[in-house]
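Open your viewer, show the chain as a cartoon, and keep the selection box at hand. We will go from stop to stop, with something to select at each one.

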Amino acid sequence: MSSRCPARPLTAVIVTLVCCSGVIAQEFPSRPLRLMVPVGPGSGVDVIARALAPALSADLGRPVLVENRPGASGNIAAVATLKEKADGHTVLLGIDAIFTTNGHLFPKLDYDPWKDFTLVAPIAETSIFLAAHEKTGATSLAGLLALVRSQPGRYNYSAPVA
């Protein structure tokens, strides 16, 4: 004959449910959301974040705060997001560099873009193109590369972070 009380498992379940009822009853979100933006104010990604925040706020019934964390091609915002509690109240409006090029540009990242983040929703899509002043005479990528290689140090370029 077992000395186990048959009521113990049921009692354990009831105690667990009573103790956890506050957690079960919590609605999401339970506080304002923070939308981490990896670029400075006024950039294209920031404009998207500030247009998105009021709509998210209306849908969720809580304020959505846009927090700019520019620098290191998005790494600062990525790491700041990961340092927060993983409860969904802090989200990253990611840029492509965080998930594509940073792994090649930085010798060591403080995050794994594919393991530490989960894509929730695509927000926007952009096109990036290469252009040169018509006076360079370059009409193709091959022509532009040949021109730049023929005169090292003479030409500069710029590229957007986001």
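Follow the protein chain along its sequence and you will meet the pattern α-β-α-β-α-β-α-α-α. That makes six helices and three strands, where helices (H or I, at least four residues) and strands (E, at least two) are DSSP runs, numbered from the N terminus. This is a predicted model, in which local features need pLDDT of at least 70 and side-chain atom pairs count only at pLDDT 80 or more, while totals for chains, interfaces and linings use all residues. Residues are numbered from 1 along each chain as its sequence is written, and side-chain values use heavy atoms, with hydrogens and water left out.

**The whole chain**

Switch on the surface. The accessible surface of the protein chain is about 12,000 Å², and 60% of that belongs to carbon and sulfur atoms; such areas come from the Shrake-Rupley method with a 1.4 Å probe, and for residues only the protein chains shown count as cover. Of the 162 residues, 22% count as buried. Here buried means under 20% relative accessible area, exposed means over 50%, and partly exposed is in between (1.4 Å probe, protein chains only). Contacts are heavy atoms within 4.5 Å. Among the contacts with a separation of 6 or more, 67% are between residues 24 or more positions apart.

**The core**

Now select V45, A78, L92, I95, I98 and Y111. These have the most contacts inside the largest nonpolar core, which has 21 residues. Such a core is a set of buried Ala, Val, Leu, Ile, Met, Phe, Trp, Tyr and Cys residues joined through side-chain atoms within 4.5 Å. Colour β1 (33-37), α2 (44-60), α3 (75-83) and α4 (96-99): these are the elements that give two or more residues to the core.

Stay with α3 for a moment. Which of its residues are buried? They are N75, A77, A78, V79, A80 and T81. Show their neighbours, and you will find that the buried residues of α3 pack against β1, β3 (90-92), α4 and α5.

**A strand residue**

Next, select V64, in strand β2 (residues 64-68). V64 counts as buried because its relative accessible area is 12%. Leaving out residues up to four places away in sequence, V64 touches L33, L35, A53, L56 and S57. Try a distance line from V64 to R50: their C-alpha atoms are 9.4 Å apart, with the two positions 14 residues apart in sequence.

**The aromatic rings**

Show the side chains of F99, Y111, W114 and F117, which form one aromatic cluster. A search of the whole structure finds three aromatic pairs. Rings of Phe, Tyr and Trp (its six-membered ring) pair if their centres lie within 6.5 Å; planes under 30 degrees apart count as stacked, over 60 as edge-to-face and the rest as tilted.

Zoom in on F99 and F117. Their ring centres are 5.8 Å apart and their planes meet at 85°, so this pair is edge-to-face. F99 lies in helix α4 and F117 in the loop between α5 (102-105) and α6, so the pair ties together parts that are 18 residues apart in sequence. F99 is partly exposed, at 23% relative accessibility, whereas F117 is buried, at 15%. Turn to Y111 and F117 for another edge-to-face pair, with 6.0 Å from centre to centre and 85° between the planes. Both Y111 and F117 are buried.

In the loop between α5 and α6 you can also pick D112. D112 is partly exposed, at 28% relative accessible area. The C-alpha atoms of D112 and A78 are separated by 9.9 Å, though the two are 34 residues apart along the chain.

**Backbone details**

Select F28 and P29, which are joined by a cis peptide bond with omega of about -5°. P29 lies in the loop between α1 (7-25) and β1.

Then move to the loop between β2 and α3, where A72 sits. A72 is not a glycine, yet has a positive phi of about 55°. S73 lies in the loop between β2 and α3, and S73 has a positive phi of about 55° as well, although it is not a glycine.

**Last stop: a surface patch**

Finally, select L130, L141 and L145, a nonpolar patch on the surface with about 290 Å² of accessible area together. Patches are made of residues with over 30% relative accessible area and no salt bridge: like charges are joined within 9 Å, nonpolar side chains (Val, Leu, Ile, Met, Phe, Trp, Tyr) within 5 Å. A salt bridge is a side-chain nitrogen of Lys or Arg within 4 Å of a carboxyl oxygen of Asp or Glu. L145 belongs to helix α6 (residues 141-150) and is partly exposed, at 35% relative accessible area.
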